[in-house]
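Thanks for making the time, everyone. I would like to walk through one model this morning, going from the overall picture to a few local details.

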Amino acid sequence: MPSSAAPGFDRRLFLTSLLGVTAAAAGLSGCADSSAATAQAAADAPLPTKVPSGTSLKIASFQGAQELQLKLAKLDDLPFKVTTWANIGAGPDVINAFRSGSLDVANNAGIPPIQAHYQGYDAKIVAINVTRKPNYLFATKPGSDIASVEDFRGKKLAFSQGQAQGVVLLRALKEAGLAYDDAELVPLTSNQFLTALQSGQVDVAPLANQQAPAYLRQYRAKGARTIPTDVVDLLNLLWAPASVLADADKVAAVAAYIPYWAKAAVWQYENPDIWNEEFYVKTQNLTPAQAESITELANKPLFPPSWDEAVKWEQETADLLAEGGFVRKFDVDTLFDRRFEEIAAKAVTEEYRK
């Protein structure tokens, strides 16, 4: 695939402005070397088996979903204190929160760890939930005649290279035989996609399954439509800064949190009616019918005892981004902390292990 940039799109400038890459973030080389050595030593140490008293974590809970899952699942109390359930979800926002020390653990797709590595920030993947069905579809602006991905040629496409939506778009273009410069990639973050569609700033934007019903309810009569894709964003993961994992107390808490995360996901999947009412209807203001249409598309949670497939997929994603000039090519093995590899799988029954 040609690696030339889309017209008017400076990838490196966009990445720098979006993710806040600065010389100060890189730090002095001596300090970086020392930090890297400390992180490596921590990564080589066995995981603690007990969480020390008084340990706390700041955990991402976008739209309150993670906190609500744990509450509704009625699991045992967490063996540590959660000082913040942060309403943070987008990859760039998570990376900034990691940098500022306001977040210890987050739930994202596979692309944010790649972007963090690209900008020189060290964070590791500690748990994997693989998805087998698409979580995203493409939505058109009102009045559009676009009916397939092949029709994206020459159109303005909302693109966030630091988020899962960006990779879904790139993979869809590749599958359709389109080069990056066959369309105009408009740099936006996902929280700007809906406004960009409504205003006509872009012709197409990838939306999460749960966003589509509300958008179509408002704009279907004006000619907006959705275009399904079979592109799967394989990884739903937990990750944490290397500095958090180098802390003997916090790394124990992260390891202890993983089974709760896995069991809560299983509970949500097994109790769609309760989740529809408590989350989609009460907190997202959707109708019961809209909520049901979303959960019908939900992925069954699968926690693989081996991360080999996840590493392979992550490498393919990193290579795809490097091919387009968005990041430099690297070995993604460095993103995975394999000490945590079997924890999630051991927390669930056989049918939820890949």
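Before I begin, one definition: the helices and strands I name are DSSP runs, of at least four residues for a helix and at least two for a strand, and they are numbered from the N terminus. With that numbering, Asn285 lies in the loop between α12, residues 272-281, and α13, residues 288-295. Please keep in mind that this is a predicted model.

Let me start with the chain as a whole. The protein chain contains 15 helices and 10 strands, and of its 354 residues, 52% are buried. If we take the contacts between residues at least 6 apart in sequence, 81% of them join residues at least 24 apart.

Now back to that loop, and to backbone angles. Most residues other than glycine have a negative phi. Asn285, although not a glycine, has a positive phi of about 60 degrees, and with a relative accessible area of 60% Asn285 is exposed. Gln63 is another non-glycine residue with a positive phi, again of about 60 degrees, and Gln63 sits in the loop between β1, residues 56-60, and α4, residues 65-73. Is Gln63 buried or exposed? Neither, strictly speaking, because its relative accessibility of 36% places Gln63 in the partly exposed class, which lies between the cut-offs of 20% and 50%.

A glycine brings us to the next element: Gly177, which follows α7, has a positive phi near 80 degrees. Helix α7 itself has 12 residues and spans 17 Å from its first C-alpha to its last, which is close to the 16 Å expected at 1.5 Å a residue. The helix is mostly covered, with 10 of its 12 residues buried; the buried ones are Ala164, Gln165, Gly166, Val167, Val168, Leu169, Leu170, Arg171, Ala172 and Leu173.

How does α7 pack against α14? Two packed helices are described by the angle between their axes and the distance between the axes. Here α7, residues 164-175, and α14, residues 308-323, pack at an angle of about 75 degrees, and their axes are 11 Å apart. Angles of 65 to 115 degrees count as roughly perpendicular, so α7 is roughly perpendicular to α14. On the α7 side the contact is made by Val167, Leu170, Arg171 and Lys174, and on the α14 side by Trp313, Glu316, Thr317, Leu320, Leu321 and Glu323. By character, the residues of this contact divide into 5 nonpolar, 1 polar and 4 charged.

Turning to the strands, I will take one sheet and then one further pair. Strands of a sheet pair through backbone hydrogen bonds, either parallel or antiparallel. In the sheet I want to show, 3 strands are arranged in the order β3-β10-β4, the sheet is open, and the pairing is antiparallel. The edges are held by β3, residues 106-108, and β4, residues 123-130, each with a single partner strand, so one side of each has no neighbour in the sheet. On average, and ignoring direction, neighbouring strands of this sheet are turned by 30 degrees against each other. Between β3 and β10, residues 235-241, there are 3 bridges, and Ala106 stands opposite Trp239 in β10.

The further pair is β5 and β8, which are antiparallel and joined by 5 bridges, with Phe138 having Pro206 in β8 as its bridge partner. Strand β8, residues 204-208, has 5 of its 5 residues buried, and both of its faces are covered, with Val204, Pro206 and Ala208 on one side and Ala205 and Leu207 on the other. Over in β5, residues 136-140, we find Thr140, which is buried with a relative accessible area of 0%. Setting aside residues up to four places away in sequence, Thr140 touches a set of residues including Ile146, Leu197, Asp203, Val204 and Tyr215.

I will finish with a tryptophan. Trp267 is in helix α11, residues 248-270, and Trp267 is buried, at 13% relative accessible area. Leaving aside neighbours within four places in sequence, Trp267 is in contact with Leu72, Ala73, Ile274 and Trp275. Trp267 and Gln69 are 198 residues apart in sequence, yet their C-alpha atoms are 7.7 Å apart in space.

Definitions and conventions:
Residues numbered from 1 in each chain as written. Predicted model: local features only at pLDDT ≥ 70, side-chain atom pairs only at ≥ 80, totals over all residues. Heavy atoms only, no water. Axes fitted to C-alpha atoms, helices over the stretch in contact; angles between N-to-C directions. Parallel < 35°, antiparallel > 145°, perpendicular 65-115°, else oblique. Contact = heavy atoms within 4.5 Å. Nonpolar A, V, L, I, M, F, W, Y, C, P; charged D, E, K, R; others polar. Buried < 20%, exposed > 50% of the residue type's maximum accessible area, 1.4 Å probe, protein only. Expected span 1.5 Å × (residues − 1). Pairing = 2+ DSSP bridges.
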